[in-house]
Amino acid sequence: MDALSRAGPRRVRRGLGAPPPESDPAVAPPSSGRAARAPKLPWARFSAWLECVCVVTFDLELGQALELVYPSDFRLTDKEVGLCPWGGLRREWLGTGGLSYLFQKSSICYLSFPDSHSGCLGDTQFSFRIRQSGGPRSPWHTDDGHYSSRAPVSLQREPAHYFGYVYFRQVKDSSMKRGYFQKSLVLVSRLPFVRLFQALLSLVAPEYFDKLAPCLEAVCNEIDQWPAPTPGRTLNLPVMGVVVQVHIPTRVDQPESSPPKQCSQENLLPAPVVLTSVHELDLFRCLQPVLTHVQTLWELMLLGEPLVVLAPSPTVSSEMVLALTSCLRPLKFCCDYRPYFTIHDSEFKEFTTRTQAPPNVVLGVTNPFFIKTLQHWPHILRIGEPKMSGDLPKQVKLKKPSRLKTLDTKPGLYTAYTAHLHRDKVLLKRLLKGMQKKRPADVQSALLRRHLLELTQSFIFPLEHYLASLMPLQRSITPWKTPPQIRPFRQDDFLRSLKHAGPQLTCILKGDWLGLYRRFFKSPHFDGWYRQRHKEMAQKLEALHLEAICEANIEAWMKDKSEVEVVDLVLKLREKLVRAQAHQLPVKEETLQRTQLYIQTVISSLPKDLQAVLCPP
């Protein structure tokens, strides 16, 4: 029995490109958003993984053109079409289930093809990331709160950006007017599951290019049968006769935990293809040309410095950008990044302007034109075609920005930045020794990832230790008083604490740690880290206060209280209960039940007229 048959019965679907009937309740105007989508609406399971699937082709008259978007339950009306910054190009509302989102059509089209400088023949895979037009929207998926509360911060759904995962084919074809077949299959998602979606494209795209629309419709129907991505679960995802097995990480997983094992309780035929990660790339392969500068690049990422990566192809560009931005895990990368960027992108003028400082963006490009346009940026990484130099790929050299040439720029890291920490020569020797002994690539990647993880943790642990000291003591939290405030973060106090609780306790690297922290305080990553941790601490404080109330004798408290004070307590308890039930407070189920009981007890002590107001029929 094939995977399509095993997936079970399916609802009847309209064909590709078929307009939805007027009575279809799933179709709504763009302003309605996705918050109203219910799990039983068409494509609800599909939407837990993907926004849509796009097919981009080359048209002799239009150039790169959007040929198809699937699922087809959306409308394109005159009001949904506007002008892009370059007159004549259009942007359109696209979406699944008829609940529309604003995509810039031109951006997707241009980003789905390698530019003319890449010369990619055959099959090419890469990824891009674009800003959602129209501004961020509230979470639409019904399980989004549950997913966000358990998933690692680096794997959260993007609220204001889309990822595009591309499989591009360019082969000679005498039947085409241009002499070439040129087409891209693009998966658009808010999830940064690059490894999973690349594997999915490897299965689907070659078959689609042969069989076209019927194949794509069948695949979308299969994805619509997948369970939602649930942190902590190992999922079997059937597609095109293959079962892909993945494990969705949680934020409490150990970073170096072993890959998921096959589910022995399920007798799956054929045997599943196990992906060891939904998001991790082959870090060693991606960073091979820059291993001697990985310490410097880690610091640039930590400080949120603007960086241009000029690569020979979209594949190298996107993999390098994704690898660099992943170097900070488990710290969330809080700056903008574009794995593949072209001159046609809607943010081109914003990123290339010289009237203000370069934005905190990591930009992956392939067009040498960017060397001239972005030569005012402080850091430019030029990567050449892969070349071996002995056992190690030829390493890029550290060069001064003044040596940057508009034409024929040689590979190198062009920057005036001086690293605060000394280079880890032991790591380089271990990696080189591994290459000489033909050590497996995944082991090399694990060594490199562990080094970067320990480096990030050594940097963050002192910050976490100091922040924990700002939390009020639990014994100071009393049930009938407002909980004490978290003390403010004072940078000078923190820097003084480094003498006895600094990174030197867990990291052997020497250098100017103090100077690195001072620059980190000015970066978007400190702001992002502090806001997130302060929010979590405030929620913990509120949860402890709720537990203190539940453990107190509420009947004794009510004896000498006025009706106004009692009603005020009911309203506050209800507010806390709603927040806790929405997973915004880390409380036990027992505490929730006790809170509900307390609310009922307090209300029953009030006069009948107030009870009617607080508990209307």
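Here are a few notes on a predicted model, going through a helix, a pocket, a small sheet and some aromatic rings.

1. Start with helix α9, which covers residues 314-325. With twelve residues at 1.5 Å each, the helix should span 16 Å, and its end C-alpha atoms do sit 16 Å apart, so expectation and model agree.

2. Is α9 mostly covered or mostly open? Mostly covered: ten of its twelve residues are buried. Pro314 is one of the buried ones, and the others are Ser317, Ser318, Glu319, Met320, Val321, Leu322, Ala323, Leu324 and Thr325.

3. The same helix turns up again at the second largest pocket, where α9 gives the most to the lining, with four residues. Helix α7 (283-287) also supplies at least two residues there. The pocket holds about 590 Å³ of space.

4. Have a look at what lines that pocket. There are 23 lining residues, and Pro289, Gly384, Glu385, Pro386 and Lys394 lie nearest the centre. By type, the lining splits into ten nonpolar, four polar and nine charged residues.

5. Next, the sheet. Three strands make an open sheet in the order β9-β10-β11, with mixed pairing. β9 (234-239) and β11 (273-274) are at the edges with a single partner strand each, so one side of each has no neighbour in the sheet.

6. Zooming in on one pairing: β9 and β10 (residues 242-247) run antiparallel and are joined by six bridges. If you want a spot to check by eye, Asn236 stands opposite Gln245 in β10. In general, strands of a sheet pair through backbone hydrogen bonds, either parallel or antiparallel.

7. On to the rings: the whole structure has 31 aromatic pairs. In one of them, Phe181 and Phe209 meet edge-to-face, 5.7 Å centre to centre with 80 degrees between the planes. Phe181 belongs to strand β8 (residues 180-189) and Phe209 to helix α5 (residues 194-211), so this pair ties together parts that are 28 residues apart in sequence. Both Phe181 and Phe209 are buried.

8. Another pair worth finding is Tyr466 with Phe494: the ring centres are 5.8 Å apart and the planes are at 65 degrees, so it counts as edge-to-face. Tyr466 is in helix α13 (residues 441-469) and Phe494 in helix α14 (residues 491-501), so here too the pair ties together parts 28 residues apart in sequence. Tyr466 and Phe494 are both buried.

9. Finally, which cluster do Tyr466 and Phe494 belong to? They sit in one aromatic cluster with Trp298, Phe459, Phe489, Tyr517, Phe520, Phe521, Phe526, Trp529 and Tyr530.

Methods
Residues numbered from 1 in each chain as written. Predicted model: local features only at pLDDT ≥ 70, side-chain atom pairs only at ≥ 80, totals over all residues. Heavy atoms only, no water. Expected span 1.5 Å × (residues − 1). Buried < 20%, exposed > 50% of the residue type's maximum accessible area, 1.4 Å probe, protein only. Pairing = 2+ DSSP bridges. 1 Å grid on protein atoms, 1.4 Å probe; cavity = no way out; pocket = protein on both sides within 12 Å on 5 of 7 lines; lining within 4 Å. Points joined across faces, edges and corners; volume = space filled by probe spheres on them. Nonpolar A, V, L, I, M, F, W, Y, C, P; charged D, E, K, R; others polar. Phe/Tyr/Trp six-rings, centres within 6.5 Å; stacked < 30°, edge-to-face > 60°.
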